[in-house]
Amino acid sequence: MGWKEAKDPQGRVYYYNDEGQTTWEKPEELFTAFEKRLLSHGWKSALTEDGKVYYYKPSTGETTWEAPIKDEVVTEEEQKLQQQQQEQEQNDTQDSGEVVASHEFTGTLDDGDGKYSNNSKLLVARKASSKEEAEKAFLQMLADYQVDSTWSFDRIISEIGSKDARYWMVDDDPLWKQAMFDKFLSNRSESELINEHKHLERFEQAFVEMLSKLPTIHYYSRWPTIKRQIMNEPIYKHSVVAEKQKRRTFLRYIAQLQQEHQEQNNKVRNEALKELTQYFVSISDDIEPVNVPWSKFATKYLWGSPRFDSNKNFKSLTKGDVFQKYTTFVEEKMTDLKARIEEHRRLNYRSDRKARDAFKELLNELSPPIKYSTTWKDVYPLLKDDSRFTAMLGRNGSSALDLFLDKVEESELVMRAKSSVANQVLISNNLDLETSSMEEISTALKQSVHLNDLSSEDITSLINRLKESHYRKKQEARRRELEPQLATREAKIFEDKLINIFSTKDLTLGPTSSWDDVLNQIKDDPSYQVLSPDLGKLIFENLANKGITSRKRHLEAPKSITDLDY
């Protein structure tokens, strides 16, 4: 096909033919005998940057400094060809000052996938440069743009490749450019590393920007997982920042994602809670926490209810959220109800008070007036048709009966006080309740300035109170005197006798039982005759107060006086 060799303006060797095809790869048509022999074994030769020959095997990636076919017989001609090839390739890499204009190259240089290709036309009519100079220029370009480990290779392409011709000095080899980028980062000076280390904030910003572009990172991502995905990113691979700092930056970024996620959830949840409140308001008439248990309410109006389930926002709420909102709503409803009741009570307080005051006036107007001995049945006929009484019905606070009893209690307290004064009057006048006549006592009481406002009926009631009190005190004193005798054998025999009488006759012995009725049956009984009358009566009263009934007690009473053991 007539392949020929030429160089581009940068001094790089390429090949073309008469049909206008170009390639960076040396066609086999131009191979030397030694190169053909290498190829037959799957090997090719190449030069390092300093012009030293090495051999590589594309199929396996193996490389070696020694010729892989050295164990075979190599002719003298092949050795000469090999030596001439090495010398020619070395001269090609060192030749940078001559102008090569033997061919116009108008093709497109591509690395194979088209990702990093230069689609501009190149004229082979300019000074060529060696690969060493291309490297120096490329590294200088990176330095001029202050590239550091926070840069990505894509950023270099977009920000530098579009405006700096030095980027295209090696046009067909994006891997070489990537290698130059890594070399530049690896060979930074100590001052550059220190300076970069000081700019931790810039690193964090770039690191977060890199993380934000990862489609696989989420608020729940873990550092070991993401670390494996960014191992070859320049900012991770070449940054002098410590591993712990990278991890902390990652965790802060994840914390931010978690916060954003939580804020979004809270936003939806808060909106759901507002809508739930509105939902409860719409069914508030059916909310009766006292009569309807929570389980029945939830089954009817919440989970499983078409209206509740149709709201998608409610799905963001837990059962605890719904129950808490329900209890809050019920508490607010109860509070509002209490407030309205209190307001109603406050508004009715004045009318209630007026009604009570009017009823008190009615009680004061009654004739005869209410006294300590007056009963409700005595006054009810006088009150039932009065509007001041009917106005009290259903009122809050004290009822009509309460106010009546208060009035009776006031009168009773007055009489108790008068009784104390009357007792002092009797003592002052040396009058005895047992020996003095009713007239003498009444006269003495009426003469007292503290009692002259009492009516004759009140004076009589007062004297009866004094006599009843005197009798109770006397009986109590007599009881205390006789109590030691209650423990005697005679007293126990009489007590059993009384119990036996009531048991055999199916009678009931209680506070209303009469001693006189019992006395007629036992007055001739030896068990009674050996006792004093007062002691026998006291034993009877004790049994009556205990409420001895007709229960059977199988006691064998003495049959005759001779059975008693004195």
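**Exercise 1. A loop residue**

Task: In this predicted model, find the loop that holds Asn 430, then decide whether Asn 430 counts as buried or exposed.

Solution. Start with the location: Asn 430 sits in the loop between helix 16 and helix 17 (438-446). Next, look at the backbone, where Asn 430 shows a positive phi of about 55° although it is not a glycine. Last comes accessibility. The cut-off for exposed is over 50% relative accessible area. Asn 430 has 70% relative accessibility, so it counts as exposed.

**Exercise 2. How two helices cross**

Task: Work out how helix 13 and helix 16 are oriented to each other, and which residues meet where they pack.

Solution. First, place the two elements: helix 13 covers residues 319-365 and helix 16 covers residues 400-428. Their axes are 10 Å apart, and the packing angle is about 45°. Now apply the limits: angles under 35 degrees count as roughly parallel, and 65 to 115 as roughly perpendicular. An angle of about 45° falls in neither range, and helix 13 and helix 16 are therefore oblique to each other. The handedness of this crossing is right-handed.

Then turn to the side of helix 13, where Arg 356, Phe 359, Lys 360, Leu 363 and Asn 364 take part. Their partners in helix 16 are Ala 400, Leu 403, Phe 404 and Lys 407. Sorted by class, the contact has five nonpolar, one polar and three charged residues.

**Exercise 3. A cis peptide bond**

Task: Which form does the peptide bond from Ser 367 to Pro 368 take, and where does Pro 368 lie?

Solution. Check omega for this bond: the value is near 0°, and the bond is cis. Then follow the chain: Pro 368 belongs to the loop between helix 13 and helix 14 (376-383).

**Exercise 4. A serine in a helix**

Task: Find the helix that contains Ser 461, decide whether this serine is buried or exposed, and name the residues it touches.

Solution. Ser 461 is part of helix 18, which runs over residues 456-482. For burial, the limit is under 20% relative accessible area. Ser 461 has 18% relative accessibility and so counts as buried. Leaving aside residues up to four places away in sequence, Ser 461 touches Tyr 372 and Met 415.

**Exercise 5. The whole chain**

Task: How many helices and strands does the protein chain have, and what share of its residues is buried?

Solution. Begin with the secondary structure, which comprises 22 helices and six strands. Of the 566 residues, 34% are buried. To finish, take the surface: the accessible area is about 35500 Å², and carbon and sulfur atoms account for 49% of that.

Technical notes
Residues numbered from 1 in each chain as written. Predicted model: local features only at pLDDT ≥ 70, side-chain atom pairs only at ≥ 80, totals over all residues. Heavy atoms only, no water. Helix = DSSP H or I, 4+ residues; strand = E, 2+ residues; numbered from the N terminus. Buried < 20%, exposed > 50% of the residue type's maximum accessible area, 1.4 Å probe, protein only. Areas by Shrake-Rupley, 256 points an atom, 1.4 Å probe, with all protein chains shown as cover. Axes fitted to C-alpha atoms, helices over the stretch in contact; angles between N-to-C directions. Parallel < 35°, antiparallel > 145°, perpendicular 65-115°, else oblique. Left-handed = near helix turned anticlockwise from the far one by under 90°. Contact = heavy atoms within 4.5 Å. Nonpolar A, V, L, I, M, F, W, Y, C, P; charged D, E, K, R; others polar.
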